[in-house]
Amino acid sequence: MEPQLKALATLLFLQLLTFTFSKQTYIIHMNHHNKPQHFTNHHHWYLSTLQSLPTATSSSLLYTYTTAYHGFAASLSPSAASTLRKHRSVIGVYEDDLYTLHTTRTPEFLGLDSEIFAEKIGGIFAEKTGGRWDVIIGVLDTGVWPESRSFDDAGMSEVPVRWKGECESRVDFEPSLCNRKLIGARSFSKGYRMAIGSHRNRTKEAESPRDVDGHGTHTASTAAGAHVANASLLGYASGVARGMAMNARVAAYKVCWKIGCFSSDILAGMERAIDDGVDVLSMSLGGGSGPYYRDTIAIGAFTAVEKGIFVSCSAGNSGPQRGSLANVAPWIMTVGAGTLDRDFPAYINFSKRRRFVGVSLYSGKGMGKKPVGVYYNTEGSGLGHFCLPGSLDPELVRGKVVFCDRGVNARVEKGAVVRDAGGVGMILANTEASGEELVADSHLIPAVAVGKKIGDVIREILMSELRPTAELSFGGTVLNVRPSPVVAAFSSRGPNLVTPEILKPDVIGPGVNILAAWSEAVGPTGLDSDSRKTQYNIMSGTSMSCPHISGLAALIKAANPDWSPSAIKSALMTTAYTRDNTKSRLRDAAGGKFSHPWAHGSGHVDPLRAISPGLVYDLSGKDYIAFLCSLDYSIDHIQAIVKHPNVTCSKKFSNPGQLNYPSFSVLFRKSSVVRYTRELTNVGSAGSVYNVSVSAPRTVKVTVKPTKLVFKKVGDKRRYTVTFVSKKEMDQMGGRSSFGSISWNNAQHQVTSPVAFAWTGL
């Protein structure tokens, strides 16, 4: 199902459950530091607070949060929640939010398999780590399939003694399934159980870390899967499968279930992961955007980052819609998706005269070489052309190829609908929403996906010819596709609607047609009717790009164990590239035009350069607090995020864009002048000198002072100030946007920051 429709359907389902059951889950934010002394701990205090309510009992308390959040989750009636809001130590009471999942060749495409990278990174690791890997990636997702070869621990050293995690013992999951690679596996289901109530048997999910969806196994192995030869999806993308950081450890936290991921469970998983001792948190999930004090992921991530944990999150799959981003807090790495240089071509031969090229991962016997009739359902309710369940008449479809428009329901479900109606094949055509983006699927019947332009040509044929016929054929795997990367049309876009002064997304990474490990409890399409089993699957989404960046962050962390999460983020952002393998500017699959930073952020990650960025933009918790103070949040709301006693706004930025961020977002509102100051830290070599280079639209004058930065030794910090002046009046530019860049360069390094300009007039 397309993400917007899936979210709506789930929301309606949950509203029905809320109507059916008198209680639901609430997250209660407490003034943590108001705990009366006679309570031995916060758990007892929260329990006592609950038991003071007429309709609550000790079993009403689902989770107690002390690290990622200050407060608790409880099963309450609406009236009890209303009473709690009046409690003097309660800052806020919020309904449990539902988050959604943002659903090999990538190491080679990223340069991780090159001799240059191996030599460079090998030398760094030998010098700084003694060859021992202690980096741990915590993956919050749908769990893990521990039997996968991607979690083989051959050749790995003993688990770090600092690790405090564990493997749960459940009916279908034994602690012995964990090893030196997969060092932890936990599940969090209290919010999920409360939401489904007596309907829990609908999902048939075991409440254990075992992954029966596939998504969690796919993301975990992408981040840190072991080297596996001869991996493929039913013959497609055959070769070596491996994660970005093959030697990193994995800890799986199951917080997502078939109906979604509940914020109460996510918070519990984040809290446990932080306390267990992970170094990187990878979360391919998210919801809508809103103030940070209401954003579960942002609140938990703040604590993680303050404790030195790098947090990587997917940007969302709501592109190319403008302002569609999730997970935009500046302390989070927000990851969009791009394509690989690998494709899976498939062909449509129309009436033996016209040939069209699309993509497919179909792996069955095919439909033969005899052309058959083509059916396009344009009648009925107006949605028949989407091939929704029940929309196809078997009398009209039997023995034919069916033309289906992309949208509304899942791409693979359309194929199942066609099959069940007696169709022998499917042409799946994009509409305006998806443009020319092509996503390959492992369909149950012969099926070919095509872009909007080809789709429009075929639509014209079907509407104008009396009895068109077609045959479908499949071309396997093709490498070195040009141009690539291309920004995926589904990848969510800026501007950042929560804080427009912070440019998001941060970067893009591989997120289209990604091969990684899979759960053997589900077929490659994820449909109940798909009985096929495969150890590896090909998937697309920012869910897939996020763990790529999580794994790369683990590589940088292993090479530079003393770097802060913001330094690692800066290294990945300022070294990203914005030109494809044809040396042209990155393009956008949504329309085929050149991309821009609201779509690709700083650009596509480049691991080789990120290992040694030369300079970084560093940040501390105090900087983020000053940023939050600049948003004019109340002290209670700021404390909800930072969880410090006696938080004050003694340091406050005049503009949120003053945060020492590796990118710039310049808003011309009432003033035509915006001035920002940044600070760079030398992580390269002593005696380094950098000169500035500026790219700006003709409508803006950009002045940088000084134009040269001299670093005498490693660790030196130097500041510079940028003044942006709009050359046009606001009434001439209102609502427009433009882009540029600021780069500090020497012979060894180019430290580049994208700049987004917007004339808002607000």
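Biologist: How many nonpolar, polar and charged residues does the lining of the largest cavity have?

Modeller: In this predicted model, that lining has six nonpolar, two polar and four charged residues.

Biologist: How is such an empty space found, and what volume does the largest cavity have here?

Modeller: Rolling a probe the size of a water molecule over the atoms shows where empty space is left. In this case, the largest cavity holds about 70 Å³ of space.

Biologist: Which elements supply at least two residues each to the lining of the largest cavity?

Modeller: They are strand 4, helix 8 and helix 9 (296–306). Among the lining residues are Tyr-94, Glu-95, Ser-263, Leu-267, Thr-296 and Ile-299.

Biologist: What lines the second largest cavity?

Modeller: Its lining includes Tyr-99, Gly-287, Gly-288, Tyr-292 and Val-498. By class, the residues of this lining are five nonpolar, five polar and one charged. The volume of the second largest cavity is about 60 Å³.

Biologist: Let us turn to the sheet. In what order do its four strands lie?

Modeller: The order is 2-3-1-4 in an open sheet, and the pairing is antiparallel. Strand 2 (61–65) and strand 4 (90–95) form the edges, each pairing on one side only. On average, neighbouring strands are turned by 20° against each other, direction ignored.

Biologist: Which helix packs on the sheet, touching strand 1, strand 2 and strand 3?

Modeller: Helix 2 (residues 42–51) does so, and its direction makes about 140° with that of strand 2. Helix 8 (residues 263–276) also lies across strand 1, strand 2 and strand 3, at about 40° to strand 2.

Biologist: Over how many bridges do strand 1 and strand 3 pair?

Modeller: Strand 1 (residues 24–30) and strand 3 (residues 71–76) are joined over six bridges in the antiparallel sense. For Thr-25, the bridge partner in strand 3 is Ser-75.

Notes. Residues are numbered from 1 along each chain as its sequence is written. This is a predicted model: local features need pLDDT of at least 70, side-chain atom pairs count only at pLDDT 80 or more; totals for chains, interfaces and linings use all residues. Side-chain values use heavy atoms; hydrogens and water are left out. Two strands pair if DSSP finds at least two bridges between them. Axes are lines fitted to C-alpha atoms, for helices over the stretch in contact, and angles run from 0 to 180 degrees between N-to-C directions. Contact means heavy atoms within 4.5 Å. On a 1 Å grid over the protein atoms alone, a cavity is a set of points where a 1.4 Å probe fits but cannot get out, and a pocket is an open set with protein on both sides within 12 Å along at least five of seven lines; lining residues have an atom within 4 Å of a point. Grid points are joined across faces, edges and corners, and a volume is the space filled by probe spheres set on the points. Ala, Val, Leu, Ile, Met, Phe, Trp, Tyr, Cys and Pro count as nonpolar, Asp, Glu, Lys and Arg as charged, and the others, Gly among them, as polar.
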